[in-house]
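These are my notebook entries on one structure. I set out to record helix geometry, core contacts, backbone exceptions and selected residue environments.

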Amino acid sequence: MAADLVLKNGLVVTGQRVLRGGVAVSDGRIAAVGADDELPRGARREIDVEGRVLFPGMFDPHTHLGSGDSRSYEAMSESFARDSKDCLIGGVTTIASTTVLGDDPLPVAYEKSVEAGAGRSHVDFKITCVVTREHHTGEVGAAIERGCTSLKFYTGYCGCLAEKMGMNPEGIPPAMFYRACENVVASGRRPLMMIHAEEPTVRFMLADRFAEQGRDSLLDWAAHSPDWAESVQVYQYGVITHELGLPLYVVHISRAHTIDFLVGLQAQGYDIIGETCVGFLSTTAEELHQRGVRLYGKIQPPIRHEADQQRLWRALREGVVTAIGTDTIPYTSKYKKDLPFWEARPGLNIQTLDSMSLLLTEGLHRGRIDWVTLARTTSEGPARHFGLYPQKGALEVGCDADVLVVDPHAELELGVERSLGGNDYSIWQGKKALGRVDMTFLGGELVAQDGQIVGEPRGKHVTRAPGSTR
Ligand SMILES: [Zn+2]
C-alpha cells in the first residue's frame, strides 16, 4: 500500500536510538521507520529533509490555558485558539492543561475544558483536573471515568494565597489529599497524583519578612523558598500515595536537594515521577537578576542556581526526572509591569514556542543531554505517564504521526516577535539560540512551517491509550 507521506534523508530519533533514514505515514500514523531504501515507494507526498532531525512531537505535560490574565472557560477557549499556535511552532504537538480554578464539580470542569479546546486547539490535548475544594475529593472517580488521567493538588499554598485560588486557608492538608487518594483507589485506576511541592508556611513567613526588609530581587525570590521546601512535601505526600499504591507526580522540580531525595525514594520502590521545566534548565536566578528581568522572571517555584541546574540535567540523564514541561500560563505584562514585587502574580507566559530551541542550546549543544534522552523526556516520558503511550510519544510504527523536522544548527534569536499567541514579552528576549523546529506534523498533516501555522486547527482531545492503567 502506498504511504500518504514519506519524510526521508534525515536522522530519526526513536526512543532507543538515532538512525539515518526517515519515516512513512499512512492514515495519520507511522507506518514505517528505517533507512531511506527500506521506506515504501510512491508515497503521495515525499519530502527530503536534507539531513535534518526527525523528532517525535513533544508532549508538554504542564500548561494552564485559560488561567492567565483572566480565569474562565471563555478565556480557555480563546487561549486554545490563539496560544496553542505557539505550541506547534515550537514543536509541541500534545499538551496537558489544567481545569480552571473554581467551584465547578470536577466532571463539569473536565467537560467544560474539553469543550473549550474542541475545534479550536491547534494541538492534541489532555485535561488535568485541579482539586481545590473539599467536594472535589469525592468527585475524582467521575472525572477519571470521563478520561481524566491526572489530578493536580496545589499543596504548596496556604493562607490568603490559597484562598485566592479557591482553597481553604490551610490549602491541601495531607488528610484532604489522603481522602482524594482513597477515592481514586476506589475507581480502580492509577491516575497521576500531581503535587506542586513547596512547603508553604515557612515560605510565606520569609516572604513577609523579605517584603518588610525591602528585599525584592529575583535572588531574594529564590531565597524565600528554602532548599528543602520541595523535598519535605515529596516525602509527606509520597508516603501517602505509596501506601495507597498510586503514582505521585511532582511537577516543576527546581532543586538539587529534591533530586537527591527522589533518588532515594525511587530506589526504595516509591512510584514517584519527576518533572522539571525548560526555564529551570535554561537559566538561573543570578543570570536573570543580572539581565534585569525582575518581575517577568518571578515564577513559582523560583528559578534557582547553577548547582541546581547541573543536578537537573544529570537527573534527566540518569532517568530520575522523566518529563520536561514549561508551566505555561498565558499572562501578559499586565501582571508584570509596575506592581510591587511581592504582590505580583508568579508565573511565566507561553513558553512552548522556545522549548526545543532552549533545550538544544542549553542541553544538546553543551553536552548535557543526547537526542534519545531528549526524546524520552519531552515526548515518550510524558506520554507514558499520562497513559497515552504508544499512541503518542515516539517515532515507532503504529504511533500517531506527530513528527518534527528540526534543524539543530539553525541560528535563532529568541523574543516575543516569534509568538503567534498572546505573548507581549519574553524573558528570553535577544537570547541567541542554536536549533529550530522547521516543520511540525500532527497526525501526518503539516500544521506548522518556518514559524507559521499551516491550515485550520486540527487538535483533538485525547484520553488514554488502550490497555493503559491510568
Ligand atoms: Zn503550573
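The entries below are grouped by element and residue, and I note at the outset that the model is predicted.

**Entry 1. Helix H15**

I began with H15, which covers residues 371-385. I found 15 residues in H15 and a distance of 20 Å from its first C-alpha to its last, close to the 21 Å expected at 1.5 Å a residue. I then looked for a bend and found a kink of about 40° in H15, centred on Thr377.

Next I asked how many of the residues of H15 are buried. The count is 12 of the 15, so H15 is largely enclosed by the rest of the structure. I listed the buried residues as Leu374, Ala375, Arg376, Thr377, Thr378, Ser379, Glu380, Gly381, Pro382, Ala383, Arg384 and His385. Thr377, the centre of the kink, is therefore one of the residues that count as buried, with 20 or more other C-beta atoms within 10 Å.

Beyond the end of the helix I checked the backbone. Gly387, just after H15, takes a positive phi of about 80°. I also recorded a cis peptide bond from Tyr389 to Pro390, with omega near 5°. Pro390 belongs to the loop between H15 and strand S14 (403-413).

**Entry 2. Helix H13 and the loop before it**

I repeated the span check on H13. With 13 residues, H13 reaches 18 Å from its first C-alpha to its last, close to the 18 Å expected at 1.5 Å a residue. Its buried residues are Asp308, Gln309, Arg311, Leu312, Trp313, Ala315 and Leu316. I looked up what covers these buried residues and found that the cover includes H10, strand S12 (272-277), helix H11 (278-282), strand S13 (321-325) and H15. Just after H13, Gly319 has a positive phi of about 80°.

I then turned to the loop between helix H12 (285-290) and helix H13 (306-318), where Pro301 is placed. The peptide bond from Gln300 to Pro301 is cis, with omega near -5°. Arg294 is found in the loop between H12 and H13 as well. Its phi is near 45°, a positive value in a residue other than glycine. I class Arg294 as partly exposed because 17 other C-beta atoms lie within 10 Å.

**Entry 3. Asp27**

I noted a further positive phi at Asp27, about 50°, although Asp27 is not a glycine. Asp27 sits in the loop between strand S2 (18-26) and strand S3 (29-34). Is Asp27 buried or exposed? I found 11 C-beta neighbours inside 10 Å, so Asp27 counts as exposed.

**Entry 4. Helices H9 and H10**

I examined how H9 (residues 229-244) and H10 (residues 256-267) pack. Their axes come within 8 Å and cross at roughly 25°. The two helices are therefore roughly parallel, since angles under 35 degrees count as such. On the H9 side I listed Glu230, Ser231, Val234, Tyr235 and Gly238, which meet His257, Thr258, Phe261, Leu262 and Leu265 in H10.

I also looked up Leu244, which is found in H9. Leu244 has 14 other C-beta atoms within 10 Å and is therefore partly exposed. Not counting residues up to four places away in sequence, Leu244 touches Cys181, Glu182 and Val185. I computed a C-alpha separation of 8.8 Å between Leu244 and Tyr178, which are 66 residues apart along the chain.

**Entry 5. The nonpolar core and Val23**

I queried the largest nonpolar core and obtained 134 residues. Those with the most contacts inside this core are Val23, Leu54, Cys129, Val250 and Leu395. I followed up Val23: leaving aside its neighbours within four places in sequence, Val23 is in contact with Leu7, Val12, Ile30, Ala32, Val33, Leu54, Leu395 and Val403.

**Entry 6. Val100**

My last lookup was Val100, in the loop between strand S7 (92-98) and helix H3 (106-117). Val100 is buried because 23 other C-beta atoms lie within 10 Å. Excluding residues up to four places away in sequence, Val100 touches Gly66, Ser67, Arg71, Ser72, Tyr73, Met76 and Ala109. For a long-range distance I took Val100 and Arg436, 336 residues apart along the chain, whose C-alpha atoms are separated by 32 Å.

Definitions and conventions:
Residues numbered from 1 in each chain as written. Predicted model: local features only at pLDDT ≥ 70, side-chain atom pairs only at ≥ 80, totals over all residues. Helix = DSSP H or I, 4+ residues; strand = E, 2+ residues; numbered from the N terminus. Expected span 1.5 Å × (residues − 1). Bend = angle between axes of the 7 residues up to and from the residue. Core = buried A, V, L, I, M, F, W, Y, C linked by C-beta atoms within 7 Å. Contact = placed C-beta atoms within 7 Å. Axes fitted to C-alpha atoms, helices over the stretch in contact; angles between N-to-C directions. Parallel < 35°, antiparallel > 145°, perpendicular 65-115°, else oblique.
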